[in-house]
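The following note sets out a few points on the model for your consideration. Please read them alongside the sequence and the structure.

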Amino acid sequence: QVQLAESGGGLVHPGGSLTLSCAAAGNTFNFTECNTIAWFRQAPGKQRELAAIITSGIANYAYSVKGRFTIARDNAKNTVYLHMNNLHPDDTAIYYCYGHIGAGNRQYWGQGTQVTVSS
């Protein structure tokens, strides 16, 4: 069974940076098969929302993170990253990695990693 595992979350001061990683456990899954790779986040008391996405090789971002977050992939390591700069308290959330393979409409989620931005 494919599992996505996020790491890199933690506590950071406002204005700080973090890089989240998402790796696939198991040798039957490869991010290169995905037509969509994304990072979602869910803040306390709010619905899960899209933060960053790569679809057909093109990256897009939520307005609230544009210019501060960068989604990237390393095919050799079979890992997806979310580089986050100039973090705000409003970025506090659980961040989830997501992959979608069009063939068979298969979707994969990680368990999430907590990011807390606080002074």
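1. In this predicted model, Leu20 has Leu82 as its bridge partner in strand 8. This bridge is a useful place to begin. Strand 3, residues 18-25, and strand 8 pair in the antiparallel sense, and six bridges link the two strands.

2. The wider sheet should be described next. It is an open sheet of four strands with antiparallel pairing, and the strand order is 1-3-8-7. Strand 1 (3-7) and strand 7 (69-74) each have a single partner strand, so these two stand at the edges, and one side of each is left without a neighbour in the sheet. On average, with direction ignored, neighbouring strands of this sheet are turned by 20° against each other.

3. Strand 8 also leads to a second site of interest. The loop between strand 8 (79-84) and strand 9 (93-101) contains Thr92. Is Thr92 buried or exposed? Thr92 counts as buried because its relative accessibility is 17%, and the cut-off for buried is under 20%.

4. The polar surroundings of Thr92 deserve mention. A polar atom of the Thr92 side chain lies 2.9 Å from the backbone oxygen of Pro89. The Thr92 side chain also reaches the backbone nitrogen of Val117, at 2.9 Å.

5. Which residues does Thr92 contact, leaving aside its neighbours within four places in sequence? These are Ala43 and Pro44, together with Gln114, Val115, Thr116 and Val117. Val117 thus appears both in this list and as the residue whose backbone nitrogen is reached by the side chain of Thr92.

Conventions
Residues are numbered from 1 along each chain as its sequence is written. This is a predicted model: local features need pLDDT of at least 70, side-chain atom pairs count only at pLDDT 80 or more; totals for chains, interfaces and linings use all residues. Side-chain values use heavy atoms; hydrogens and water are left out. Buried means under 20% relative accessible area, exposed over 50%, partly exposed in between (1.4 Å probe, protein chains only). A polar contact is a pair of N or O atoms within 3.5 Å; within protein, one must be able to donate a hydrogen and the other to accept it, and residues adjacent in sequence count only if both atoms are side-chain atoms. Contact means heavy atoms within 4.5 Å. Two strands pair if DSSP finds at least two bridges between them. Axes are lines fitted to C-alpha atoms, for helices over the stretch in contact, and angles run from 0 to 180 degrees between N-to-C directions.
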